[in-house]
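Reader: I'd like a close look at one helix in this model, and at what sits around it. Could you walk me through it in one go?

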Amino acid sequence: MVWIPPAIRPRGLWATAAALLLVSALAPDVPLAQPAPSFGAAAPTVPPSASASRVVVLLFEGFAPTLLSAAQTPAFDRLREEGAWTHRLTSVFPTQGWVNGASLATGCWPAQHGIVSEMFVDPERGDFDREPLHGWLTGCEPLGDAARRQGVAVHRFGWYGLDPDTEADRCDSGARRRDAGRRRALLDHLRAPADPAGATTRELVQARFCAPGDSIRRNGVDTPASAAVVAELDSFVGEVVAAIETRGDETLLFVVTDHGMRDVSHLIQLPRILAREGVDATVKAAGSTALLYLPEGADAAAIQQRLSAYDFFEVLSRDALPAYAHLGEGPRVPELILSAYPPYFIEAKSRWPYWLSALGLVAPDHLWAEWWRSATSGFVPRTPAMYGLVYVWGHGVEGGREAQALRVIDLHPTIAEVLGIAPGEPLDGRVATTLLRAAPSPGAEGGGSLP
Ligand SMILES: [Zn+2]
C-alpha cells in the first residue's frame, strides 16, 4: 500500500474545517452573548434569583439540541414556554461524558478534578476507563457532597458512581434496561408523599440516563431511531413534571446534558499510523481524542511535528495547550493529545470489533466505519454540534427566557445558589444568573400553583 503524503491529497474540505476550528479556537473563552452584569455603584439592581427547597436534575447523555426538532416534544415545549433554557451549553474538552460528568458535578475544569479523559493513565493508580468517580477525583467537591455537608438530603440515581460502593453506568450493553429501571425508581421517589416531619428539609435529586446518547452513537443523530428515543424521553420528562406538580412543593427542575453529538464516518487507524511513524506510546483513545503517553526520553516535539503532517487530526502538546483545553499539567495529562476533526473519529483498539483489529495494519489510515459507529462526541468544545442543552423549570423561575450561553462548570454553583448553599471549593464555574431570574410576582406563576 502506497502512502500518499498529506500535501498532495485533496484537502479543500479539511482546510475549511481546520479554518473553522481555528476561528472557533480564537473566539473568547466564554462566549457569553450577553455582557456580564456590572456591579458598579450605578448598576441596576440585580433581579432576585429563583430559589427552591428541592432541586431535581435530569442528565441525559449526549442530548444534542437538534434532536428536539426530530420528534414531537410537548414536554420540552412547555418547559421552554414556562422556564428558562439554552441550547448553547458549552462542554469541557474533551467533550466526553466522564470528563463533563466530573465538571458538572464539581464545577471545576479537568485541571482541578483530574478526569482528563474517559480513558487515561494515572501513574500511581493505573488505568482509568470510565470508572466510578468516587475516589478518582483529584480535587474539588461534588455538589451532592457539598449539599449533604450543609444539611441537604441528596438522592443520586446512576450519578457517575459518586457515592462509595455505587456503580458508574458506562452506557454500554444493557443501558436501555438500566435506564428504564432508573426512570421508574426516580418517578417512585418523586411521587412518594412529602415527609410531613421533614417538610422544610431541602433536597437535591440527581439522575443520569444513557439515553439518547447510547442510541445516537449506534444509529446517528438524524434517524428514525433517535426520533423515537427523543419522543420517549419527552414523555418521561412530562411524567416528572406531573409528579412535581402533584407534590406542589417548591421544586426546580433542571434538564441537562453532558455534551452534544455529531455524525462521524471514518475511524482513524491510529495503530497503523503510529507504527509507520515509529512512535512508541501508550495510547488511551475515546471518541475523538487519543492521549499519547511517551516513554521516558522520547522527543515529544519531533513526534508532534511528524504527526502534524496528517490532516485528519490536530496534535496538541501538553506544554502549549489551546485556551479551550483546561487540562492542566498533572501526571494524568500525556505529552501529546491527538484531537480528530469530524467526521473522523478515534477509538481505543480494545473497543474495536475483533475482525477490525485483524485488519489493523493493512487497512488505510482511515476507514469508513459508519456501520459500527454513527456518531460521537469529544471534539473541541466549539464544534457547533458539541453544544448541549439546559432547561430550568419550576418554582419561581421566570418563564420563556433563553439564556445565550452557559458552561457545564456553571451548573454546580447555579444549583447551589437555588438551594441556598455554598458551592464546593475550589470552584471554576459561576452562577448563571440569566437562567435563574425570578418570576416578577413570585407565587402567582410558580410551577404547580396555577388553578
Ligand atoms: Zn456522554
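Before you zoom in, what percentage of the 451 residues in the protein do the buried residues make up? And then, which residues of helix α2 are buried, and which are exposed?

Author: Sure. Keep in mind that this is a predicted model. Buried residues come to 46% of the 451 residues in the protein. As for the overall inventory, the secondary structure consists of 13 helices and 19 strands. Among the contacts with a separation of 6 or more, 80% are between residues 24 or more positions apart.

Now for your helix. α2 covers residues 74-82, and its buried residues are Ala75, Phe76, Leu79 and Glu82. Look down the axis of α2 and those buried residues fall within an arc of 140 degrees, so they line one face of the helix. Swing round to the other side of α2 and you find Pro74, Asp77 and Glu81, which are exposed.

What covers the buried residues, then? The cover includes two strands you can pick out by number, β2 (84-90) and β7 (251-257), along with strand β17 (388-394) and helix α8 (224-247).

Let's stay with α8 for a moment. Two packed helices are described by the angle between their axes and the distance between the axes. Here α2 and α8 pack at an angle of about 55 degrees, and their axes are 7 Å apart. That angle makes α2 oblique to α8. On the α2 side, the contact is made by Pro74, Ala75 and Phe76. Their counterparts in α8 are Asp234, Ser235, Val237, Gly238 and Val241. Sorted by type, the residues of this contact are five nonpolar, two polar and one charged. Notice that Ala75 and Phe76 turn up both among the buried residues of α2 and in the contact with α8, while Pro74 is exposed and still takes part in that contact.

For some context beyond the helix, take two loop residues. Leu427 sits in the loop between α12 (411-419) and α13 (433-436). It has 20 C-beta neighbours inside 10 Å, so Leu427 counts as buried. Leaving out residues up to four places away in sequence, Leu427 touches Gly107, Cys108 and Pro413. Between Leu427 and Pro413 there are 8.1 Å, C-alpha to C-alpha, and the two are 14 residues apart in sequence.

Glu124, in the loop between β3 (119-122) and β4 (126-129), is another case. With 7 C-beta neighbours inside 10 Å, Glu124 counts as exposed. Glu124 and Arg332 are 208 residues apart in sequence, yet their C-alpha atoms are 9.7 Å apart in space.

Finally, a word on sheets. One open sheet has four strands in the order β10-β11-β13-β12, with antiparallel pairing. Its edge strands are β10 (282-286) and β12 (313-317), each of which pairs on one side only. From one strand to the next, the twist averages 20 degrees. Inside that sheet, four bridges join β11 (residues 289-293) to β13 (residues 336-340), and the bridge partner of Leu291 in β13 is Ile337.

Another open sheet has three strands, in the order β14-β9-β15, and its pairing is mixed. Here β14 (344-345) and β15 (366-368) are the edge strands. Strand β9 (residues 266-268) pairs with β14 in the parallel sense over two bridges, and His266 stands opposite Tyr344 in β14.

Terms used
Residues are numbered from 1 along each chain as its sequence is written. This is a predicted model: local features need pLDDT of at least 70, side-chain atom pairs count only at pLDDT 80 or more; totals for chains, interfaces and linings use all residues. A residue is buried if 20 or more other C-beta atoms lie within 10 Å of its own, exposed if 12 or fewer, and partly exposed in between; C-beta atoms are placed from the backbone. The arc is that of the directions from the helix axis to the C-beta atoms. Two residues are in contact if their C-beta atoms, placed from the backbone, lie within 7 Å. Axes are lines fitted to C-alpha atoms, for helices over the stretch in contact, and angles run from 0 to 180 degrees between N-to-C directions. Angles under 35 degrees count as roughly parallel, over 145 as roughly antiparallel, 65 to 115 as roughly perpendicular and the rest as oblique. Ala, Val, Leu, Ile, Met, Phe, Trp, Tyr, Cys and Pro count as nonpolar, Asp, Glu, Lys and Arg as charged, and the others, Gly among them, as polar. Two strands pair if DSSP finds at least two bridges between them.
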